[in-house]
Structure formats: C-alpha cells, structure tokens
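Biologist: I'd like to learn how to read a protein model feature by feature. Could you walk me through one?

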Amino acid sequence: MNQHNGRPPFRAEHVGSFPRPDRLLKAQQDCFAGKISKEDLKRTEADCIREIVLLQERVDIGAVTDGEYSKKSWHEFLFEKCDGFDSERTVPDFKFRLFDGTQFEYPGEPRVIGKLRRREPLSAEDFSFLKGLTRRPTKANLPTPSIAHLSGDRLLDRSVYPDRKMFFADLARIMREEIADLGGRGCTYLQMDEVPIAVLCDPKNREIVRRRGEDPEELIDDYIEAINESIKERPANMTVCVHLCRGNRGSWHGGRRLRACC
C-alpha cells in the first residue's frame, strides 16, 4: 500500500520521539558540561536528524519526523521559549513507574509567574529544517496546553492569572501563533501530544486531583477546550491529530470527543 496517497493520518506512522543515538546523548551531556559549544551540538543534532530521516524513508513510513532530536524532550521547549514561566521546577503530584517497576523521577512543571508570551518559535524552525531534508510528507510536533497544568492550579500566580480559564486562553493563543507560523512554513500535518487527560484515566490520579481541591472531570473539559481553542484557526490544509500518551483511548474520554481534531 502506498502510504502517501490522500490526507494524513497515514496507515503507518511513527508517534513520539525516536531513541537518541549514543553520540547525540554524549554531545548533549558535553554541551551541558561546557565541554563543547552549542554550535557543535547543533551540528551533531543535524547529522542525527538526517540519519533518522533516511531511516524513515527506507521503511516507507507515512509521515517523516525529526525524532525530536533537537529538543530536550517532547514538551520542555514550551517552557523554554515562552515568557512567563519560572526557571525553577516544582515537585510533581504524580508518580510514574518504568516497565521494570522502578519509580521514574521527573521534574515537575514550572510555576507561572508572569503573563505568558511566545518569545520565539516553539518548533517551527525545527520543522523548516526537517522539510528541507525530504520530499516525503513531514509532521510537526507540539505539546497540548494541558502539560503546563499537570500539577494543577497551584502552579498559577493568582495575581497574574486569577482563574484557570484566563491561563488556558493565553496558552491557546500561543499555540495559534505557533500553528500559523508552522502553516506559513508549509506544514500540513501536526501532531499534538496530550498527557494529562490520559493520566486522569487512572482512578488513583483522579483522587490526587480531588485531594488538591480540583475536579478531574472539570479539568478534562478544560483541557479539551484548550486543544480546540489552540487549533481553531489552523490553515484549511492542515491536519491535526492528538496523541494521548500513557493509556491511549484515541480521541475519546468519557464520551467527549475532541471535536476539532481531525
């Protein structure tokens, strides 16, 4: 079957980050330690992206991605490239376990200490580089707004954002700006990665949310609304899909569909 006929999503795609090669991991560690320059790191990232693009072309994957090799993670760049987030991290509310049963320690989300503003492109420049490497369909990646709220309302400075809806309105605006930038660079396929909704499928996690004084059902509604507000002005030729991480239930939860995700 030809993967490249018609609109995405395709019959076979890669979802999420590719495993980083050892030399890329070493270059990132060396750059953090001051042993190599950022320019040296960028060159290694570019070489590794070229290799992963060639791999995807060889296996005839439906839409080529950059493996998120130039990002620290699938969502860190949201905090790094927007004004309004604190540089320090909070202690996370939820605990994650690896397949071997050991607990995975991850940094919590930063507090919001000022009005949120997109200071620079989040992933649009990465997409431009990727698009220049292949003639195959390409896919960009963004996190959904909810990732900035995984630890709840305690992350919000109430003098800046008196309520959650104002916070999500600004996050959705940032996403619309980024999506417009991506569209202007020729992006016609965007994957948005959603974790908190899937986390709230677990009854234990829902109880954690209740103990902190929030309603998990209300949060799910707010998270879905934020996604729909983020993509409501997307270009007519851009397909947006939502990847629910950690307990995939497609685009449904409790009978509510992400209405604008198609």
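Biologist: Let me begin with one residue: is aspartate 60 buried, partly exposed or exposed?

Modeller: Happy to help, and please keep in mind that this is a predicted model. Aspartate 60 has a relative accessibility of 29%, so it counts as partly exposed. Buried would need a value under 20%, and exposed one over 50%. Along the chain, aspartate 60 sits in the loop between helix H2 (38–58) and helix H3 (76–80).

Biologist: What is the phi of aspartate 60 near?

Modeller: Start with the general idea. Most residues other than glycine have a negative phi. Aspartate 60 is not a glycine, yet its phi is positive, near 60 degrees. Glutamate 68 also has a positive phi, of about 60 degrees, although it is not a glycine.

Biologist: Where is glutamate 68 found, and is it buried or exposed?

Modeller: Glutamate 68 is found in the loop between H2 and H3. Its relative accessibility is 3%, so glutamate 68 counts as buried.

Biologist: Let's turn to empty space. How many cavities of 30 Å³ or more does the structure hold?

Modeller: A cavity is a space where a probe fits but cannot get out. This structure holds three cavities of 30 Å³ or more, and the largest has about 80 Å³ of space. Glutamate 68 is one of the residues that line the largest cavity, and the others include Asp66, Lys71, Phe127 and Asn141.

Biologist: Which elements supply at least two residues each to the lining of the largest cavity?

Modeller: Those are helix H4 (124–131) and strand E5 (140–143). H4 gives the largest share of this lining, with three residues. Sorted by class, the lining of the largest cavity has five charged, three nonpolar and two polar residues.

Biologist: What lies between H4 and E5?

Modeller: A loop does, and threonine 138 has its place there. Threonine 138 has a relative accessible area of 9%, so it is buried. Distances between C-alpha atoms are another handy thing to read. For threonine 138 and phenylalanine 127, which are 11 residues apart along the chain, the separation is 8.2 Å. You can try the same reading on leucine 200 and proline 216: they are 16 residues apart along the chain, and their C-alpha atoms are separated by 6.8 Å. Leucine 200 lies in the loop between helix H6 (196–199) and helix H7 (203–211), and it is buried, with a relative accessible area of 3%.

Biologist: Now the strands. Which way do the residues of E5 point?

Modeller: Look at the side chains along the strand. Ala140 and Leu142 point one way from E5, Asn141 and Pro143 point the other way, and all are buried.

Biologist: How many bridges join E5 to E6?

Modeller: Four bridges join them, and the two strands run parallel. As an example, proline 143 has aspartate 193 in E6 as its bridge partner. E6 and E7 also pair in the parallel sense, over six bridges, with valine 242 in E7 as the bridge partner of methionine 192. Strand E7 (residues 239–244) is largely enclosed by the rest of the structure, because five of its six residues are buried.

Biologist: I'd like to finish with the rings. How many aromatic pairs does the structure hold?

Modeller: It holds five aromatic pairs. To read one, check how far apart the ring centres are and how the planes are turned. The ring centres of phenylalanine 10 and tyrosine 189 are 6.2 Å apart and the planes are at 75 degrees, so this pair is edge-to-face. Phenylalanine 10 lies in the segment before helix H1 (22–32) and tyrosine 189 in strand E6 (residues 189–194), so the pair ties together parts that are 179 residues apart in sequence. Both phenylalanine 10 and tyrosine 189 are buried. For phenylalanine 167 and phenylalanine 168, the ring centres are 5.2 Å apart and the planes at 50 degrees, so that pair is tilted.

Biologist: Which residues do ring pairs link into a cluster?

Modeller: The cluster is made of Tyr161, Phe167, Phe168 and Tyr223. Phenylalanine 167 has 0% relative accessibility, so it counts as buried, and phenylalanine 168, at 6%, counts as buried too.

Biologist: And what lies over the face of phenylalanine 77?

Modeller: That is lysine 71, at 5.1 Å from the ring centre. You have met Lys71 already, as one of the residues lining the largest cavity.

Methods:
Residues are numbered from 1 along each chain as its sequence is written. This is a predicted model: local features need pLDDT of at least 70, side-chain atom pairs count only at pLDDT 80 or more; totals for chains, interfaces and linings use all residues. Side-chain values use heavy atoms; hydrogens and water are left out. Rings of Phe, Tyr and Trp (its six-membered ring) pair if their centres lie within 6.5 Å; planes under 30 degrees apart count as stacked, over 60 as edge-to-face and the rest as tilted. Buried means under 20% relative accessible area, exposed over 50%, partly exposed in between (1.4 Å probe, protein chains only). A charge sits over a ring if NZ of Lys or CZ of Arg is within 6 Å of the ring centre and within 35 degrees of the ring normal. On a 1 Å grid over the protein atoms alone, a cavity is a set of points where a 1.4 Å probe fits but cannot get out, and a pocket is an open set with protein on both sides within 12 Å along at least five of seven lines; lining residues have an atom within 4 Å of a point. Grid points are joined across faces, edges and corners, and a volume is the space filled by probe spheres set on the points. Ala, Val, Leu, Ile, Met, Phe, Trp, Tyr, Cys and Pro count as nonpolar, Asp, Glu, Lys and Arg as charged, and the others, Gly among them, as polar. Two strands pair if DSSP finds at least two bridges between them.
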